[in-house]
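Here is a short report for a reader meeting this structure for the first time. Please keep the sequence and the 3D view open while reading.

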Amino acid sequence: MGSSDQEFSTPPPASRQFGITKPISTAGPTETDLKRTIELEEFLVDAGLHEISEEATKREEVLGEIDKIVKSWVKQLTRQRGYSDQMVEEANAVIFTFGSYRLGVHGPGADIDTLCVGPSYVNREEDFFIILHDILAEKEEVSELQPVPDAHVPVMKFKFHGISIDLLYASISRLVVPQDLDISHGSVLYDVDEATVRSLNGCRVADQILRLVPNIENFRTALRCLKFWAKRRGVYSNVTGFLGGVNWALLVARVCQLYPNAVPSMLVSRFFRVYTQWRWPNPVMLCAIEEDELGFPVWDPRKNPRDRTHHMPIITPAYPCMNSSYNVSTSTLRVMMEQFQIGNKICEDIELNKAGWGALFEPYLFFETYKNYLQVDIVAVDAEDLRLWKGWVESRLRQLTLKIERDTYGMLQCHPYPNEYEDPSKQCSHCAFFMGLQRKQGVKIQEGQQFDIRGTVDEFRHEVNMYMFWKPGMELYVSHVRRKQIPSYVFPEGYKRPRPSRVICQQLVDKTSGEDIGEECEGGSSERRLKRKGDADCSGARPNKPEKRASISPTHEKLPTTDQQDHEEVIFNDSVDVRANSLKDLMAVKGIEDCVEASCGNDKDDNARKLANGSSFLECGEASAGDLFCNSEMIKVDLEQFAGSNCTIVGGSQELVDDDKQGTSPETEHLKNGSAQNAKPGTWSGPRSSWKCDC
């Protein structure tokens with residue numbers, strides 16, 4: 001193993017300044033702080049965040065076996081390329097670790113980030129991704145082997161004896177790699193390409209972090225706590241546009257520098273206090289940015305125009321210094337700032353003995369926060385294809401967020417949720433991701449305002465389908481669902497949480513303001529504290545039967561007055577042609593490979609049970625949801641079987657036209673031509689695979 005795995009000694013905190021500024025406070029802990037720290041550590045242990053000794057031993061054994069494999073691999077290549085016997089004997093490769101394992105904050109089941117450093121004549125493109133790949137593929141103990149050569153940091157992913165490994169490779173400009181190589185020394189960067197620099201950077205950054213914090217153990221406890229918090233609150237995912245492990249480590253390390261004598265309970269509280277007040281895009285840095293004669297680009301917004309566009313710069317402390325959080329968008333930054341504020345308020349309550357540590361780690365109620373969501377369904381023939389396909393799609397989801405922000409000029413905000421969900425009822429391999437949608441808060445809605453993202457979604461799907469390892473059966477579907485139509489499989493209990501009854505709402509009226517009541521009765525999270533005009537209806541004035549809201553049509557000059565803030569129109573692209581009003585009384589539409597389902601809920605509203613002349617496209621209630629079409633081929637539906645359900649038939653897909661019974665009225669002719677103009681308010685319109693709803 002590499003020399004960077006040695007343990008750093010903890011320097012005395014009062015002997016030197018840590019970071020680029022003086023500390024905010026050098027005060028040490030009180031007895032109360034020490035007591036809270038003990039309670040926090042006990043909570044983390046009870047939460048199962050520490051691995052048992054047997055698993056730790058197994059990890060060390062796995063790393064030892066991988067180290068033997070790469071050493072044998074390099075010797076084999078050295079011999080094949082005609083080097084002398086002495087060179088073959090001295091040929092070497094060294095394994096280093098980085099990430100959570102190197103920092104000492106990994107938990108049970110966590111992967112191990114590893115780096116293999118090899119000699120100059122062993123390259124990444126062929127030797128690593130082909131020859132070493134084939135060697136690993138033949139090992140019985142290796143499973144789920146997945147090369148990702150085109151990633152920003154090329155990586156080979158696999159499981160070794162069930163332990164997940166992310167293996168990088170760096171070829172340095174030496175014929176022989178010494179076993180005691182000091183990877184933190186700048187000489188390893190001589191005469192290497194930028195992909196190698198990025199591969200080396202993870203280990204160099206981890207070592208620097210441990211050198212730059214005043215107390216390593218306090219840093220580790222605080223980081224373990226805040227990573228757990230970030231996962232519970234849905235903001236732990238670099239690939240989705242939030243923050244990953246190294247980002248959270250850098251943020252926590254900076255707080256440790258600002259409060260060098262603080263214990264973990266103090267550091268967690270100060271973390272939220274600092275970052276609720278941080279003025280982004282001012283960068284977070286653990287040390288000054290170094291420039292070197294090697295000439296690699298470093299983060300510098302004065303020289304690099306692209307660096308000026310970064311929203312939440314968190315700069316790595318090792319040369320070349322980079323922004324580790326370039327994936328963050330305006331939407332994800334907004335979400336994280338909201339979560340920082342919530343965390344800060346809870347920590348204030350903990351310090352006042354009004355709450356315990358458990359309150360800080362309450363899971364985020366994502367599916368009760370927004371009224372509208374995008375559902376991204378990923379489908380493949382089998383589990384192995386799904387794993388590959390899902391990894392690619394997930395890596396591109398951030399682009400969908402950025403494209404929606406771009407095409408709506410930031411007026412439609414996206415909240416991508418990093419958790420993935422699986423529908424166990426599907427016969428095909430399936431998983432789904434969700435995005436919350438809302439218009440930008442505090443902006444006055446304009447009459448006839450529309451957010452047309454059909455082209456945006458089409459562009460995203462086209463880019464995703466360029467996957468170089470695509471196979472038949474790998475499909476992607478993007479659809480729109482409203483809060484009350486979220487599929488039940490996303491909920492831990494397998495069913496939706498019941499909304500508070502009107503009696504409960506009335507009791508809440510007596511205790512809280514209407515500003516909070518609206519969210520409780522609407523099923524939204526009380527964390528948002530957003531006041532709506534319709535909040536007063538929660539006290540019992542709302543009718544028993546849900547009213548259908550009218551969407552904004554170009555032909556309408558006036559907006560609805562009820563719940564006005566939530567009625568701008570959003571036009572979505574969707575692969576689902578039949579949508580459900582309710583999850584009750586599901587009706588299956590059998591299709592190819594029994595993988596096509598649709599559902600329509602029954603309601604007592606007789607006025608909603610009608611068929612419009614000249615129609616062929618199902619419109620079910622309010623922007624209603626259904627299960628996806630797993631097969632790209634459209635299925636013709638017998639419209640008569642939907643009679644009596646809460647569905648209205650409107651013009652739409654030509655593939656669903658009943659030519660024998662229905663003609664084409666002037667009102668629906670434009671829909672067959674793919675135009676959404678002159679559509680009736682409150683109806684889906686547009687060509688097949690596109691539709692709109694009120695938002």
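The report goes from the whole chain to one sheet, then to a run of hairpins.

**The chain as a whole**

This is a predicted model. The chain has 695 residues, and 54% of them count as buried. It holds 16 helices and 15 strands. Its exposed area is about 31,200 Å², of which carbon and sulfur atoms supply 49%. Take the contacts between residues at least 6 apart in sequence: 73% of these join residues at least 24 apart.

**A sheet of four strands**

One open sheet has four strands in the order 7-8-6-10, and the pairing is antiparallel. Strand 7 and strand 10 (475–482) are the edge strands, each pairing on one side only. From one strand to the next, the twist averages 25°.

Strand 8 covers residues 429–439, and 11 of its 11 residues are buried. Which residues lie on each side of strand 8? On one side are Ser429, Cys431, Phe433, Met435, Leu437 and Arg439. On the other are His430, Ala432, Phe434, Gly436 and Gln438. Both faces of the strand are covered. The split into two sides fits a general pattern: in a regular strand, side chains alternate between the two faces of the sheet.

Strand 8 has a partner in strand 6 (residues 372–380), and nine bridges join the two. Here alanine 380 stands opposite serine 429. Strand 8 also pairs with strand 7 (residues 412–421), over seven bridges. In that pairing, tyrosine 417 faces phenylalanine 434.

**Helices around the sheet**

Helix 12 (residues 383–407) lies across strand 6, strand 7, strand 8 and strand 10. Helix 12 runs at about 150° to strand 6.

Helix 10 spans residues 330–351 and includes arginine 334. Is arginine 334 buried or exposed? The cut-off for buried is under 20% relative accessible area. Arginine 334 has 16%, so it counts as buried. What does arginine 334 touch, leaving aside its neighbours within four places in sequence? Its contacts are Tyr370, Gln413, Cys414, His415 and Gln438. Among them, Gln438 is also one of the buried residues of strand 8.

**Two hairpins in a row**

Strand 4 (residues 155–160) takes part in two hairpins. One is with strand 3 (residues 142–148), with five bridges between the antiparallel strands. Six residues separate strand 3 from strand 4. The other is with strand 5 (residues 163–171), again antiparallel and with five bridges. Two residues lie between strand 4 and strand 5. In that turn, histidine 161 has a positive phi of about 55°.

Methionine 156 links the two pairings. On the strand 3 side, proline 147 stands opposite methionine 156. On the strand 5 side, methionine 156 stands opposite leucine 167.

**Strand pairs side by side**

The table lists the antiparallel pairs described above.

| Strand pair | Bridges |
|---|---|
| Strand 6 and strand 8 | nine bridges |
| Strand 7 and strand 8 | seven bridges |
| Strand 3 and strand 4 | five bridges |
| Strand 4 and strand 5 | five bridges |

In general, strands of a sheet pair through backbone hydrogen bonds, either parallel or antiparallel.

Methods: Residues are numbered from 1 along each chain as its sequence is written. This is a predicted model: local features need pLDDT of at least 70, side-chain atom pairs count only at pLDDT 80 or more; totals for chains, interfaces and linings use all residues. Side-chain values use heavy atoms; hydrogens and water are left out. Buried means under 20% relative accessible area, exposed over 50%, partly exposed in between (1.4 Å probe, protein chains only). Contact means heavy atoms within 4.5 Å. Accessible areas come from the Shrake-Rupley method with a 1.4 Å probe; for residues, only the protein chains shown count as cover. Two strands pair if DSSP finds at least two bridges between them. Axes are lines fitted to C-alpha atoms, for helices over the stretch in contact, and angles run from 0 to 180 degrees between N-to-C directions.
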